[in-house]
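User: I would like to learn how to read a protein model feature by feature, with the general idea first and the particular case after it. Could you take me through one?

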Amino acid sequence: MKEKEVVIKYGEYQNKEDLGVEDSKLVLSANEATNNSYAPYSDFKVGAAILLDNGEIIKGTNQENSAYPSGLCAERVAIFFANSQFPDAVIKSIAIASQTDRFESDEPISPCGSCRQVISEAENRQKSKIRVIMSGNKCVTRIVEGIENLLPFGFQEDKLKKTCR
Ligand code: THU
């Protein structure tokens, strides 16, 4: 077996003040959104804010359900809403933030596997990368340019193409 390495590129900002104007505005929106989360089961409130190329900021929050798998993460709520309202707009970036009283959660919030897959589909659909801004409550903000950095070897539409026999 020949071993190869996948290179993951990410940036880190130790202080919120070091973020650019656009990013810090989006992080603020994601933080604000956490207040609208419906998370009575986990008490883990997640907010996502999306910046579209038309200047709109779309917010989403996690929506839980007593039948647990029926709930949805903040990122997917925001992306699906953005794509429903503005199907032709390009998603430039998505900021994610969290809030909970139940435990310490200082690390930047990182999208789950299903949300990574949905971000990947959005990138392919719009043919451009999405900046993912993972905001931590106390410490660092982590940023990647494009979902490939969080989802290497992702499953994409081209894998479904069939050759004629
Ligand atoms: N959650 C999100 O909304 N986004 C993530 O990236 C991770 C997890 C939600 C799902 C569930 O409502 C709660 O956080 C606890 O997992």
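**Charges, fold and salt bridges**

Analyst: Let us begin with charge: the mean positions of the 21 positive and 24 negative charges of the protein lie 7 Å apart. Please keep in mind throughout that this is a predicted model.

User: How many helices and strands does the protein have, and in what order do the elements run?

Analyst: The protein has three helices and six strands, and, read from the N terminus, these elements follow the order β-α-β-β-α-β-α-β-β.

User: What does the radius of gyration say about the protein?

Analyst: The idea is to set the value beside the one expected for a compact globule with the same number of residues: for 165 residues that would be near 15 Å, and the protein has 16 Å, which agrees. Along the principal axes, the C-alpha atoms fill a box of roughly 55 × 40 × 35 Å.

User: How much of the protein is buried, and what is its accessible surface?

Analyst: A residue counts as buried when its relative accessible area is under 20%, and 40% of the 165 residues come into that class. The accessible surface of the protein comes to about 10,200 Å², with 51% of it belonging to carbon and sulfur atoms.

User: Which share of the contacts joins residues at least 24 apart?

Analyst: If one takes the contacts between residues at least 6 apart in sequence, 66% of them join residues at least 24 apart. Leu52, in strand S2, offers a case to look at: Leu52 and Ala89 are 37 residues apart in sequence, while their C-alpha atoms are 6.2 Å apart in space. When neighbours within four places in sequence are left aside, Leu52 is in contact with Ile58, Ala82, Phe86, Ala89, Val90, Ile91 and Lys92. Leu52 counts as buried because its relative accessible area is 2%.

User: What separates the C-alpha atoms of Gly113 and Gly47?

Analyst: These two glycines are 66 residues apart along the chain, and their C-alpha atoms are separated by 17 Å. Gly113 belongs to helix H3 and is partly exposed, with a relative accessible area of 47%.

User: How should I read a salt bridge, and how many does the structure hold?

Analyst: Side chains of opposite charge can pair when their charged atoms come close. The structure holds seven salt bridges, and one of these joins the side chains of Arg131 and Asp23, with 2.5 Å from N to O. That pair links distant parts of the chain, Arg131 being in strand S5 (residues 131–135) and Asp23 in helix H1 (residues 21–33), 108 residues apart. Asp23 is buried, since its relative accessible area is 7%.

User: Which other residue meets Arg131 in a salt bridge, and where does that residue lie?

Analyst: The side chain of Glu145 also meets that of Arg131 in a salt bridge, at 2.2 Å from N to O. Here too the pair links distant parts of the chain, with Glu145 in strand S6 (residues 141–145) and Arg131 in strand S5, 14 residues apart. Glu145 counts as partly exposed, at 44% relative accessibility.

User: Where in the chain do Arg102 and Asp43 lie, and what does their pair tie together?

Analyst: The side chains of Arg102 and Asp43 meet in a salt bridge of 3.4 Å, N to O. Arg102 is in the loop between strand S4 (91–99) and helix H3 (113–126), and Asp43 is in the loop between H1 and strand S2 (45–52), so the pair ties together parts that are 59 residues apart in sequence. Arg102 is exposed, with a relative accessible area of 52%, whereas Asp43 counts as partly exposed at 33%.

User: Which residues are linked in a network of salt bridges?

Analyst: Glu12, Glu107 and Arg142 are linked in such a network.

User: What can I learn from the phi angle of Lys127?

Analyst: Most residues other than glycine have a negative phi. Lys127, although not a glycine, has a positive phi of about 60°; Lys127 is found in the loop between H3 and S5 and is exposed, with a relative accessible area of 72%. Phe153 likewise has a positive phi, near 55°. Phe153 sits in the segment after S6, and with a relative accessible area of 78% it is exposed.

Terms used:
Residues are numbered from 1 along each chain as its sequence is written. This is a predicted model: local features need pLDDT of at least 70, side-chain atom pairs count only at pLDDT 80 or more; totals for chains, interfaces and linings use all residues. Side-chain values use heavy atoms; hydrogens and water are left out. Helices (H or I, at least four residues) and strands (E, at least two) are DSSP runs, numbered from the N terminus. The radius of gyration is taken over C-alpha atoms; the globule rule is 2.2 Å times the number of residues to the power 0.38. Buried means under 20% relative accessible area, exposed over 50%, partly exposed in between (1.4 Å probe, protein chains only). Contact means heavy atoms within 4.5 Å. Accessible areas come from the Shrake-Rupley method with a 1.4 Å probe; for residues, only the protein chains shown count as cover. Lys and Arg count as positive and Asp and Glu as negative; His and the chain ends are not counted. The place of a charge is taken as NZ of Lys, CZ of Arg, CG of Asp or CD of Glu. A salt bridge is a side-chain nitrogen of Lys or Arg within 4 Å of a carboxyl oxygen of Asp or Glu.
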